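Here is a short report on internal cavities and one histidine. Please read it alongside the model.

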Amino acid sequence: MKILVTDGMDAEALALLRQKGHEVVEQFYEPEQLGQALRDFDAVVVRSATKVRAAQLDAARGGRLRLIVRAGVGVDNIDVAHAEELGITVKNTPRASSHAVAELALGHMFSCARYISAAGYTMRQGRWEKKAYGKGVELHGKTLGIIGYGRIGQTLGRLAQALGMNVLAYDIYRVEGVECETMRYVELDELLSNSDFISLHTPAMDGKPLINRENIGKMKDGVIFINTSRGNNVDEEALLEGLESGKIRAAGLDVYAQEPPRCEALLQHPNVSCTPHIGAATREAQHRIGMEIVDIMESFPG
């Protein structure tokens with residue numbers, strides 16, 4: 001196949017695709033040029049930066065494009081329904097980045113609980129804020145609520161239990177055999193009102209954000225909130241209000257409603273630990289994603 005890779009890919013996986021006889025072109029296209037470019041390719045591999053919407057798909061209509069692969073978990077940057085209407089298959093790599101995202105969520109939990117981000121920043125300014133940041137909390141013995149208990153949520157749940165945390169999980173689907181003494185499924189309201197930490201792991205949602213003023217109001221006072229899922233799942237103004245009031249003790253954020261984010265007040269808040277959408281950005285995860293893409297290309301019919 002002739003394959004376009006728009007947002008980068010693991011070097012070993014790229015070499016393997018070429019070794020197997022595929023023609024691979026690495027090039028990013030702006031949205032207005034992407035559709036026409038896709039006419040010349042059998043497959044395209046995208047990450048978060050490239051959006052394959054109806055306009056790009058219509059511009060590619062009648063060309064060679066038969067397969068779109070999202071190198072990652074979600075496919076919200078692809079108009080899947082429209083692609084399928086045009087006979088184009090859409091795939092993703094849901095297994096490869098679970099550990100990377102779960103570990104980053106856990107890292108933000110530690111950062112928020114012990115003021116790691118804020119304390120490091122003030123030290124680099126020449127300030128010694130030992131008293132201000134000497135009132136952290138431990139994860140051990142606390143309750144972690146995980147909203148969305150898929151691959152990433154389950155991985156985080158296992159890590160949290162290993163640290164001595166109790167896990168409450170909410171999901172519209174319940175996996176058999178995962179409940180135990182330190183993990184159980186609950187309804188959303190019970191999770192919100194009983195969790196010391198809450199980590200969000202749902203796909204991009206249509207309509208109003210799941211984490212809105214109403215649901216923030218149901219949370220325990222002083223909760224620590226983590227989002228490594230999708231930025232539009234959170235009402236950022238409501239989150240900032242929660243931080244200002246103290247309802248939310250701290251927040252760890254890797255994703256934002258707009259990227260790069262525009263809510264400067266949220267980013268500059270001293271109780272926010274923030275990263276630039278790097279959940280899956282480990283060498284190991286990118287290698288696994290690359291190998292999974294190779295498998296997809298090799299097994300694709302035709």
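The lining of the largest cavity is made up of Ser-111, Cys-112, Tyr-115, Ser-117, Ala-118, Ala-250, Pro-270, Asn-271, Val-272 and Ser-273. Helix H5 (98-114), helix H6 (116-124) and strand E12 (272-274) each give two or more residues to this lining. Helices (H or I, at least four residues) and strands (E, at least two) are DSSP runs, numbered from the N terminus.

This is a predicted model: local features need pLDDT of at least 70, side-chain atom pairs count only at pLDDT 80 or more, and totals for chains, interfaces and linings use all residues. Residues are numbered from 1 along each chain as its sequence is written, and side-chain values use heavy atoms, without hydrogens and water.

Searching the whole structure gives two cavities of 30 Å³ or more. A cavity is a set of points on a 1 Å grid over the protein atoms alone where a 1.4 Å probe fits but cannot get out; lining residues have an atom within 4 Å of a point.

| Cavity | Volume | Lining classes |
|---|---|---|
| Largest | about 50 Å³ | six nonpolar, four polar, no charged |
| Second largest | about 30 Å³ | four nonpolar, three polar, two charged |

The second largest cavity is lined by Gly-8, Met-9, Asp-10, Arg-47, Ala-71, Gln-286, Ile-289, Gly-290 and Ile-293.

His-22 sits in the loop between helix H1 (11-19) and strand E2 (23-26). Is His-22 buried or exposed? His-22 is buried (under 20% relative accessible area, 1.4 Å probe, protein chains only), because its relative accessible area is 12%. Its side chain makes a polar contact (N or O atoms within 3.5 Å, one able to donate a hydrogen and the other to accept it) with the side chain of Glu-298, at 2.7 Å.

Note on methods:
1 Å grid on protein atoms, 1.4 Å probe; cavity = no way out; pocket = protein on both sides within 12 Å on 5 of 7 lines; lining within 4 Å. Points joined across faces, edges and corners; volume = space filled by probe spheres on them. Nonpolar A, V, L, I, M, F, W, Y, C, P; charged D, E, K, R; others polar. Buried < 20%, exposed > 50% of the residue type's maximum accessible area, 1.4 Å probe, protein only.
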